[in-house]
Structure formats: structure tokens, C-alpha cells
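Me: I have a model open in my viewer and would like to learn how to read it. Could you walk me through it, feature by feature?

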Amino acid sequence: MNEKNNEKIIINEKKKNNGIVIILLIITIVILSILVVYLSQNNSNSLETNKQKASIELKQTETSTVNSEGVYITDVSEIVSNVMPSIVAITSKTLVSTGKYGPSFFGSQQYSEGAGSGIIVSSNDSELIILTNNHVVEGAEELNVKFINDKSVDAKIKGTSERKDIAIITVDLSNLDEDTINSIKVATLGDSDTLKVGNGVIAIGNALGYGQSVTSGIISAKNRTIKLEENGESSYMTNLIQTDATINPGNSGGPLILASR
């Protein structure tokens with residue numbers, strides 16, 4: 001009897017021990033499950049926060065322009081409105097050949113129309129003086145200038161430099177009405193030697209001949225040199241400014257403006 005009782009006691013103790021182990025395992029699993037859920041929620045919140053931060057930073061990068069002090073700005077409308085009265089759209093008409101023996105063979109003539117931009121840089125008692133690129137006006141039989149108030153007048157070439165690709169054209173003040181004279185102004189020219197790589201800039205010009213448009217970017221590099229090939233001869237343009245602001249056909253002759261407040 002005693003041996004049987006001892007066996008029962010041992011068996012009962014083993015069962016108790018097994019029950020305790022099972023309870024401890026259940027408690028451990030529950031605790032681990034709670035920890036997993038907690039950590040998952042924290043990681044999810046952290047990921048959402050990081051996504052929000054990344055989204056905000058991306059939006060700021062996409063809509064910002066850097067000014068001369070290195071400060072990000074998102075609105076250049078004030079700068080543009082101050083400069084626009086000094087900028088003109090230029091339309092040129094160039095006589096082109098329509099036949100084997102020249103443009104006037106059999107009395108026929110045909111014109112090619114081009115678009116460009118210019119900057120009002122000065123005036124005197126009789127003329128308004130406008131700076132543009134030589135290739136905008138080169139070979140032009142007719143030149144037309146449109147001002148900020150959409151009034152157009154004829155212009156004439158005063159002087160050019162093919163090597164530097166600059167030209168001066170003029171408009172007779174007598175051809176300007178009072179509204180145009182009150183709408184336009186002479187540009188304030190800056191010093192390109194003071195520019196720094198990374199400065200924010202704005203380009204304004206008669207893009208694609210549709211009228212004035214605005215693009216922005218930074219100074220990418222200074223003192224660039226490019227090689228030009230024409231009629232088997234080489235020439236170089238030096239001390240050029242490189243920018244990532246979009247420059248379209250028709251922007252030629254327009255200004256690059258420092259985006260400072």
C-alpha cells in the first residue's frame with residue numbers, strides 16, 4: 001500500500017509540474033504577442049512619420065528656388081513683375097531663297113519668321129536702345145518689337161558683334177504712344193563677376209514666339225567656353241555662365257536675373 005501511495009504522489013507531482021510549465025508557456029506566448037503588436041504599431045507609426053517628412057521635403061524641393069543668400073523661396077512673382085517692363089519680344093523676318101536663281105526670281109519672295117527677346121538698356125533724346133543676340137536679328141529684313149503692354153513697333157539694327165553674338169537695336173521714341181512710354185523702363189544691369197555657383201536665377205524670354213514666359217534654376221557653373229564651327233572655321237565663346245534654368249528657342253536675347261529678395 002505504501003508503495004502504491006508513493007507512486008500516486010509522484011505521478012500527481014509530475015502532473016502538477018507539467019501544468020505549471022504549460023501555464024508559464026502560455027503566459028510567455030501572450031507577452032511575446034503583446035510585444036510584437038506593440039513594436040509593429042510603433043514601426044508603422046515611424047514609417048508613416050518618415051513618409052510624411054519625405055513628402056514634405058520633396059514638395060519643398062520641387063517648388064523652391066534658391067536666392068542669392070542661399071535661402072529657399074517659392075514665389076518669384078515680385079521679381080518678375082519688377083523686371084518684365086524692361087523686356088521685349090522681338091520678331092524678325094528674313095528673306096529666303098525660293099528658287100535656284102534667288103529669292104526674287106520670277107518676282108516671288110518668301111520670308112522666314114524668327115522669334116527672340118531683348119532688354120531695354122538705355123535711351124536718348126530720340127531712341128530707345130535694346131540689347132539682344134546677334135543671331136536673333138542677323139539678316140533680318142524686318143524687325144518688330146512688342147512691349148509689356150502688347151504694343152508693337154518697328155525697330156532697326158544699330159550695331160552687331162557676330163563673334164560675341166550681341167546686337168543693339170533701336171526704336172524711335174516718336175513711334176511710342178504715351179501708354180507704352182509709361183509702361184516700360186530701362187533695366188538695371190548687374191555685375192556677372194559677382195555671381196556664385198549655386199545662386200538662384202530666373203530666365204525670362206519670348207519662348208517659342210508665344211510671348212514672355214518665366215523659368216528658374218541656379219548658376220551651375222561659371223567661365224565656360226564653347227567651340228563654334230562655321231564654314232570650316234573655328235571660333236570660341238568664353239566666360240559664359242551655365243544654368244539649369246530652362247532656355248527655349250525664343251529666349252535668346254532675354255535676361256538671366258539673380259533671384260534675390
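Reply: Happy to. A nonpolar core is a set of buried Ala, Val, Leu, Ile, Met, Phe, Trp, Tyr and Cys residues joined through side-chain atoms within 4.5 Å. Please keep in mind throughout that this is a predicted model.

Me: Which residues touch the most other members of the largest nonpolar core?

Reply: Val145, Phe147, Ile169 and Val171 do, in a core of 17 residues. At least two residues apiece come from β3 (87-96), β5 (127-132), α3 (134-137), β6 (142-146) and β9 (166-172). Strand β9 gives the largest share, 3 residues.

Me: What is isoleucine 169 in contact with, leaving aside its neighbours within four places in sequence?

Reply: Its partners include Ile90, Leu128, Ile129, Ile130, Val137, Leu143 and Val145. Thr132, Ala155, Lys156, Ile157 and Lys158 are also in contact with isoleucine 169. Apart from this core lies another one, of 10 residues, with Val83, Met84, Ile204 and Ile257 among them.

Me: Now the sheets. What holds strands together in general?

Reply: Strands of a sheet pair through backbone hydrogen bonds, and they can do so parallel or antiparallel. In this model, 7 strands make an open sheet in the order β7-β6-β3-β4-β5-β9-β8, with antiparallel pairing. Its edge strands, β7 and β8 (156-161), each pair on one side only. From one strand to the next, the twist averages 30°.

Me: Let me zoom in on β6. Which way do the side chains along β6 point?

Reply: They alternate. Leu143 and Val145 are buried and point to one face, while Glu142, Asn144 and Lys146 point to the other face and are not buried.

Me: How many bridges join β6 to β3, and how many join β6 to β7?

Reply: There are 5 bridges between β3 and β6, which run antiparallel. Here alanine 89 has lysine 146 of β6 as its bridge partner. On the β7 (residues 152-154) side there are 3 bridges, again with an antiparallel run. Valine 145 is matched with valine 153 of β7, and lysine 146 with serine 152.

Me: What do β6 and β7 form, and how many residues lie between them?

Reply: A hairpin, with 5 residues between the two strands. When you look at the turn, check the backbone angles: aspartate 150 has a positive phi of about 70°.

Me: And the sheet with 4 strands: what is its order?

Reply: The order is β12-β11-β10-β13, in an open sheet with antiparallel pairing. Strands β12 (233-243) and β13 (256-258) are the edges, each pairing on one side only. The twist here averages 50° from one strand to the next. Strand β10 (residues 200-206) is joined to β13 by 3 bridges, and valine 201 stands opposite leucine 258 in β13.

Me: One last residue to practise on. Is threonine 180 buried or exposed?

Reply: Buried is the word for anything under 20% relative accessible area. Threonine 180 has 2% relative accessibility, so this residue counts as buried. You will find threonine 180 in helix α4 (residues 178-183).

Me: What does the side chain of threonine 180 make a polar contact with?

Reply: With the side chain of aspartate 177, at 2.7 Å. Setting aside neighbours within four places in sequence, threonine 180 is in contact with Phe147, Asn149 and Lys151. You have met Phe147 already, among the residues that touch the most other members of the largest nonpolar core.

Notes: Residues are numbered from 1 along each chain as its sequence is written. This is a predicted model: local features need pLDDT of at least 70, side-chain atom pairs count only at pLDDT 80 or more; totals for chains, interfaces and linings use all residues. Side-chain values use heavy atoms; hydrogens and water are left out. Buried means under 20% relative accessible area, exposed over 50%, partly exposed in between (1.4 Å probe, protein chains only). Contact means heavy atoms within 4.5 Å. Two strands pair if DSSP finds at least two bridges between them. Axes are lines fitted to C-alpha atoms, for helices over the stretch in contact, and angles run from 0 to 180 degrees between N-to-C directions. A polar contact is a pair of N or O atoms within 3.5 Å; within protein, one must be able to donate a hydrogen and the other to accept it, and residues adjacent in sequence count only if both atoms are side-chain atoms.
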